[in-house]
Amino acid sequence: MSSSDNSTALAENKVLILYILNQIPNGFSESGLYKIISSINNVNYFYFKEVLTDLLDSKLVGIFTKDEEEESVLRITSEGTNALNLTIDVLPGILKLKADNVFKKEFSSIANETSIIAEFIPRSENDYIIKCKIIEKNETIFEVRTFAGSRDRAKRIVDNWNNNASKIYPKILNILLEDSNLNQN
């Protein structure tokens with residue numbers, strides 16, 4: 001692929017992300033946006049992340065926190081809307097049509113599905129924050145945060161949550177609902 005082909009693909013993907021975000025006024029999670037973009041244009045996660053970082057750095061897309069929850073969403077900014085209006089012609093008609101079709105199909109399935117989400121964020125070499133969530137119809141119905149003292153432990157917790165959340169979540173709820181006297185030895 002030549003340098004001009006790379007530049008064209010980069011521009012198309014930036015405009016595609018702006019185009020999709022422009023259709024979602026309340027914003028969208030990064031994983032939901034990736035699912036839609038990869039369905040439309042078959043991009044890998046690392047390339048998607050690079051394009052998204054460019055859009056965030058140039059303030060065309062912003063990260064916002066919903067009022068009631070600490071859930072972060074991506075939204076197009078007013079600068080992004082202006083940029084989209086100026087560059088919409090960069091998006092080929094066939095890609096725009098595919099985006100419209102995939103968006104309708106994927107958005108409804110993403111909005112209705114239950115999502116199991118787990119991630120770990122390094123604070124230092126031996127200090128990781130782990131977030132495990134269950135999201136149903138774009139609402140966080142369960143979230144737990146904890147710490148791990150190594151990358152290996154953090155990864156094990158995330159993998160365990162991703163593979164077993166349907167078993168772990170009811171157990172945690174049962175423990176929280178137990179009516180036992182916790183002050184006894």
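Hi everyone, let's start with helix α4, where N85 and L86 are exposed on one side. On the other side sit residues that are buried, namely G80, A83 and L84. Looking down the axis of α4, the buried residues fall within an arc of 105 degrees, so they line one face of the helix. Please keep in mind that this is a predicted model.

Now to the nonpolar cores. The largest one has 29 residues, and those touching the most other members are I17, L18, I20, L21, L33, I37 and I40. Which elements each supply at least two residues of this core? They are α1 (3–22), α2 (30–41), α3 (45–57), β2 (72–76), α4 (78–87) and α5 (93–112). Helix α1 gives the largest share, with seven residues. There is also another core, lying apart from the largest one, with 11 residues that include Y128, I134, F142 and A154. As general background, nonpolar side chains in soluble globular proteins tend to be buried together.

Let me zoom in on I37 for a moment. Leaving out residues up to four places away in sequence, I37 touches L16, I17, I20, N42, V43 and F48.

F48 brings us to the aromatics. How many aromatic pairs does a search of the whole structure find? The answer is seven. One of them joins Y45 and F48: their ring centres are 6.3 Å apart and their planes meet at 40 degrees, so this pair is tilted. Both residues belong to helix α3, and because they are three residues apart there, about one helical turn separates them. Are Y45 and F48 buried or partly exposed? Y45 counts as partly exposed, at 36% relative accessibility, whereas F48 is buried, with a relative accessible area of 1%.

Another pair is F142 with W161, and this one is stacked, at 5.8 Å centre to centre with 20 degrees between the planes. F142 sits in strand β5 (residues 139–148) and W161 in helix α6 (residues 151–177), so the pair ties together parts that are 19 residues apart in sequence. F142 and W161 are both buried. You'll remember F142 from earlier, as it is among the residues of the 11-residue core.

Back to Y45 and F48 once more: together with Y34 and F46, they form one aromatic cluster.

One last ring for you to look at on the screen is F64. R75 lies over the face of F64, 4.9 Å from the ring centre. Thanks, and I'm happy to take questions!

Methods
Residues are numbered from 1 along each chain as its sequence is written. This is a predicted model: local features need pLDDT of at least 70, side-chain atom pairs count only at pLDDT 80 or more; totals for chains, interfaces and linings use all residues. Side-chain values use heavy atoms; hydrogens and water are left out. A nonpolar core is a set of buried Ala, Val, Leu, Ile, Met, Phe, Trp, Tyr and Cys residues joined through side-chain atoms within 4.5 Å. Buried means under 20% relative accessible area, exposed over 50%, partly exposed in between (1.4 Å probe, protein chains only). Helices (H or I, at least four residues) and strands (E, at least two) are DSSP runs, numbered from the N terminus. Contact means heavy atoms within 4.5 Å. Rings of Phe, Tyr and Trp (its six-membered ring) pair if their centres lie within 6.5 Å; planes under 30 degrees apart count as stacked, over 60 as edge-to-face and the rest as tilted. A charge sits over a ring if NZ of Lys or CZ of Arg is within 6 Å of the ring centre and within 35 degrees of the ring normal. The arc is that of the directions from the helix axis to the C-beta atoms.
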